[in-house]
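User: I would like to understand the wording used for this structure, with each label set against its cut-off. Could we go through the terms in turn?

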Amino acid sequence: MKKIKWTMRRAILGMVIGCTLFAVIAQTVAFEVTSRQQIRKESLLSNDETLQRIENELNSYIHGLIVKMQTIYTETELIAAMRRDDSTQGEILNYYWSAWRLSEARFDSADQLFAMYIYNNDNKLISSWRKQPVAYPFDLYDGDRYVNESHLRRYLESDNYAVMISGYHNEAANSDILRFCLKLHTYDDNRSQYGYIVCDFNAQNISDLMSKYISSRDVYVWLQPRGDISIAQVGNITKEESKIFSDLTQTIATSSGEFPEFENEYGSFYLNSIAMRKYNLHIVMLTPQSLLLETQSALARTLLLIAGIIILLMLLLGTLISGFIYRPVEALSSTMIRIKNGDTELRVKTDGWSDELKVMGEEFNEMLDRIQKMVEEEYEAKVLMERTQYKVLQAQINPHFLYNTLDTMSGIAASQDCMLVSGLCQSLSAIFRYSLDISDTQATLQQEMAHVRNYLYVMDVRNGNSVKYTYHIDTDTLQDSIPRITLQPIVENALQHGLRMTRRKDKELIITAKHDDGKLFVTIEDNGAGMDADAMNEQLEKADLKQIEMGRSIGIMNVNARIKNVYGNNYGIRYESDHETGTKAIIILPTVKMVTGID
């Protein structure tokens, strides 16, 4: 498979198309997730508001019917007879037409009253009226028709004086019935009941009322009293809805305490419900999710169409822009290739739309000019190097002259019996010879100790032999390799900043060398003034050669940096100090044996 050769133009096109695709896909996914959640939230909220409006109108409708039923209290003779419990046959016949008169006087055709029954406390019928005598029984308790008598009896046996609302399906009239039952009682403290009135209305009024607020027949809404069957329904019901409807109506019908609480989703349906506690009713709404997601699908299709158009536009725009951007880059690349192939006199054109490319061309041309100039200066550089090497050889003569002069001075002093001057000259000669020998960067510990002793001899001559020197050097450490001029700067620091700053008479400098855990530990300890060991260790840990010249202890920083540079960060110098006991410098080095001559 041939590998794709990427150019700037292809990269720009790929980036444009890739970013566009990513943005479109991310937007589509985000829309899919957020819109589904938002639609669900808005749908449930909208359905709750719809149920609230239905509840408000139902309250008004039911209240109006109850007020009309309560006008039975204006039938003073009937009420008086019922309170006296005059239940003889002759007395009952006197009020036979009371139900008819009440229905004609108090209810209109819009109420769709189908039947009215007035009973005393012994469930004996006092008066009844039926719009269709054939379809409705004369007495609710006398007959084999189903009239939901059991729910009525449970209500009458309870202590509840609120209006009972229930219903049933009248097979003979092929109508759903909405039943109201109002207990008749005194309004004194005893609240004595002496009868009740039952009114059966057409439940279609309730269905028509709920239909006004339902925008689609696919939404199914029903009204059901707690502990009873459903009394009014609106909408088309599917097979899945029918199963959910059966389960929910069974739950409401069997609830005896508080109104049951339902989940917001059942299968592929959203469920909303509201409890009308005043009338013991439950309004339930089932909304298919597919009905609400149709809007989301339409929006998603529109979004994909727009995304496709955007991709095509971005592809066209990217092609035009990439061509405009790439043209001067291609010219620059072609010129560079020609120069690489030998046309060194050629130069890049610095015209074009991009300031960056202009700068790049100018810098490239300048680089070519400088390279050509460097080629011309190469010969001069070689001559200069030869002259420099010659001067270095001459410079090496001067240190040898210094060594020879010091040796001559030492011999003259010894011949004149000036042993102190002779020893001083010999120590200085050894110090200079060791310090200026750059043939090897490493030395043995034995050579380093010899260098330190020469330095301490010179310092004793200067300071009057006021410091006691103690050495604890293990024999097996003498041939260990150590960087040149490692110990002398630390010894010098101990003398200058430790022992010199104290007035005590028993000044002492102790140098110890030993092996431990495969490493070489060299300790230089003094009983001087002490120092801030933490600050010093922090600087030593950085081991920054660029910062060495900023410190007070330039030699120590240099030694530490060289050790870490050669052996790694696990090695170096560490300080311990106390103002009472003095300072201890610990040099940690790897154990490396070195076979060499002894100076």
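User: Which residues are linked with Lys68 in a network of salt bridges?

Analyst: Lys68 is linked with Asp108 and Asp111 in such a network. This is a predicted model, in which local features need pLDDT of at least 70 and side-chain atom pairs count only at pLDDT 80 or more, while totals for chains, interfaces and linings use all residues. Residues are numbered from 1 along each chain as its sequence is written, and side-chain values use heavy atoms, with hydrogens and water left out.

User: What makes the pair Glu57 and Lys212 a salt bridge?

Analyst: The term asks for a side-chain nitrogen of Lys or Arg within 4 Å of a carboxyl oxygen of Asp or Glu. In this pair the N to O distance is 2.5 Å, so the cut-off is met and the name applies. By this rule the count comes to nine salt bridges. Glu57 belongs to helix α1 (residues 8–70), whereas Lys212 sits in the loop between α6 (204–211) and β6 (220–225), and the two residues are 155 residues apart. Helices (H or I, at least four residues) and strands (E, at least two) are taken as DSSP runs and numbered from the N terminus.

User: Why is Glu57 called partly exposed, and why is Lys212 called exposed?

Analyst: Buried means under 20% relative accessible area, exposed means over 50%, and partly exposed covers what lies in between, with a 1.4 Å probe and protein chains only. Glu57 has a relative accessible area of 24% and is therefore partly exposed, while Lys212 is exposed because its value is 56%.

User: How do you know that Asp200 and Arg179 meet in a salt bridge, and are these two residues buried or exposed?

Analyst: Their side chains meet at 2.9 Å, N to O, and since the rule is the one given above, this pair qualifies as well. Asp200 lies in strand β5 (residues 193–202) and Arg179 in strand β4 (residues 175–185), so the pair ties together parts that are 21 residues apart in sequence. Both residues are buried.

User: Why do Glu576 and Arg574 count as partly exposed?

Analyst: Glu576 counts as partly exposed because its relative accessibility is 36%, and Arg574 likewise has 36%, which puts Arg574 in that class too. The side chains of Glu576 and Arg574 meet in a salt bridge at 3.0 Å, N to O.

User: Why is Leu368 called buried?

Analyst: The relative accessible area of Leu368 is 13%, so Leu368 is classed as buried. Leu368 lies in helix α9 (residues 355–395) and, leaving aside residues up to four places away in sequence, touches Ile339, Leu346 and Arg347, where contact means heavy atoms within 4.5 Å. For the chain as a whole, 40% of the 599 residues count as buried.

User: What makes α11 oblique to α12?

Analyst: The axes of helix α11 (residues 419–436) and helix α12 (residues 445–463) come within 9 Å and cross at roughly 140°. Such axes are lines fitted to C-alpha atoms, for helices over the stretch in contact, and the angles run from 0 to 180 degrees between N-to-C directions. Angles under 35 degrees count as roughly parallel, over 145 as roughly antiparallel, 65 to 115 as roughly perpendicular, and the rest as oblique; the crossing of α11 and α12 is therefore oblique.

User: Which residue classes make up the contact of α11 with α12?

Analyst: The contact involves residues including Leu420, Leu424 and Ile431 of α11 and Tyr455 and Val458 of α12. By class it has 11 nonpolar, six polar and one charged residues, where Ala, Val, Leu, Ile, Met, Phe, Trp, Tyr, Cys and Pro count as nonpolar, Asp, Glu, Lys and Arg as charged, and the others, Gly among them, as polar.

User: What is said about phi of Gln112?

Analyst: Phi of Gln112 is near 50°, a positive value in a residue other than glycine. Gln112 lies in the loop between α4 (98–106) and β1 (113–120), and because its relative accessibility is 24%, Gln112 counts as partly exposed. Arg191 also has phi near 50°, lies in the loop between β4 and β5, and is partly exposed because its relative accessibility is 39%.
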